[in-house]
Amino acid sequence: MPISSNSRQNVPVAAIHFSTGLKNYAAVKIIPVFLPFLGCPGKCVYCAQDRQTGAGLVPGISSVLQTAKAALERQSAACELAFYGGTFTAMPQADIKACLDFLQLMRAGGKVSCARCSTRPDALAGPALADLRRYGLELVELGVQSFSDDALRLSRRGYSGKEALEGCRAVRSAGFRLGIQLLPGMPGCTPEVFLQDVEKALQEKPSCMRFYPCLVPDGTVLAQWYREDAYKPWSLEETVSALGRALMLAWQAGVPVIRLSVAPEPAFDSEILAGPRHPALGALAQAEALLLSAEKAVARLGRTPAALELPKCCQGFIFGDKGALRKRWQALGLPPQSITFTDREDALLC
Ligand code: SF4
């Protein structure tokens, strides 16, 4: 059967390929070095990095690096070293140098093949990026959170949407791969604002993105606003819906989304007062994105589909929580018996 892909609306075609983005991007194991709050200009209203990472407050750079060294020595293959959890490029110079010297040492010993760090878009001035480049970091993840001036102001981030964009461009023009982290549901961020943020982020051609739906950890300013009724977190339903749409946009652009929620951490989970926390949030968002992608593909196909082939990894979540999406698949003309799972990475609708 001839296979064709046609983007014109309502023109019947034999088959449609569409991207699911559901491939294994993490070929190299990442060893994280958590540096909660180090280098941060203040404590952001929603941030509980020390509990979120399970790392507590950093007792000192050398003990953190010793822990990372032990983790690297347990690995049989070279890993990626990732400096996470604070504002790496704004840490004291001595701490940055200790981390970069450690990276150099581990790389020379064959334990590390590549490295990344996370920082803020307004902490890239001066020699920060050039130093990282000299030591061979490849990827800089920016905690952009939003490009919306209103959301950034209401969340007291301390920079504008324009500065966030400039930060993204500075990272790429310094020769790094760019990661963009967004915080859907932060104060001032509606689902519409979040989708605009995703579109803006994709225009900056990132190598990866992360979405961290905003939660309300106790002990934060956000918890106080929540108690005063001055902040209302997104519901689980609106979060899944918005993440699904965002994920579909990223798949279409070929940009991997490497996290869809904060990783489970008992000390953090026990202190969440409210917000869209669900143990399978990522799978729920992927199921929604898959269905939205299939809906678009069926519209392009221009007729009732006969069959859909999907990557095997979709098998466990395609129908959503307790089969909640089964009816929507059925309404598309794709009952369970018409869907098969194969080794392919994209989807094929015919
Ligand atoms: S959100 Fe980022 S910049 Fe703000 S306190 Fe947390 S780690 Fe620091």
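Colleague: Which strands does helix α11 lie across?
Modeller: In this predicted model, α11, residues 281-301, lies across β1, β11 and β13, the last being residues 346-349.

Colleague: And at what angle to β1 does α11 run?
Modeller: At about 155°.

Colleague: What is the strand order in the open sheet of four strands?
Modeller: The order is β1-β13-β11-β12, and the pairing is mixed.

Colleague: Which strands stand at the edges?
Modeller: β1 (16-19) and β12 (339-342) do. Each has a single partner strand, so one side of each has no neighbour in the sheet.

Colleague: How much are neighbouring strands turned against each other?
Modeller: By 25° on average, direction ignored.

Colleague: Back to β12. In what sense do β11 and β12 pair, parallel or antiparallel?
Modeller: Parallel, over four bridges, with β11 covering residues 308-311. Within that pair, L308 is opposite I339 of β12.

Colleague: Different topic, α9. What should its 18 residues span?
Modeller: Helix α9 runs from 236 to 253, and at 1.5 Å a residue that should come to 26 Å. The C-alpha atoms at its ends are 25 Å apart, which agrees with the expected span.

Colleague: Which residues in α9 are buried?
Modeller: Among them are T239, V240, L243, L247, M248 and W251. G244 is buried too, as are A242, A246 and A250.

Colleague: What covers the buried residues of α9?
Modeller: The cover includes helices α7 (191-203) and α11, along with strands β1, β7 (208-211) and β9 (257-259).

Colleague: What follows α9?
Modeller: G254, with a positive phi near 75°.

Technical notes: Residues are numbered from 1 along each chain as its sequence is written. This is a predicted model: local features need pLDDT of at least 70, side-chain atom pairs count only at pLDDT 80 or more; totals for chains, interfaces and linings use all residues. Side-chain values use heavy atoms; hydrogens and water are left out. Two strands pair if DSSP finds at least two bridges between them. Helices (H or I, at least four residues) and strands (E, at least two) are DSSP runs, numbered from the N terminus. Axes are lines fitted to C-alpha atoms, for helices over the stretch in contact, and angles run from 0 to 180 degrees between N-to-C directions. Contact means heavy atoms within 4.5 Å. The expected span of a helix is 1.5 Å times one less than its number of residues. Buried means under 20% relative accessible area, exposed over 50%, partly exposed in between (1.4 Å probe, protein chains only).
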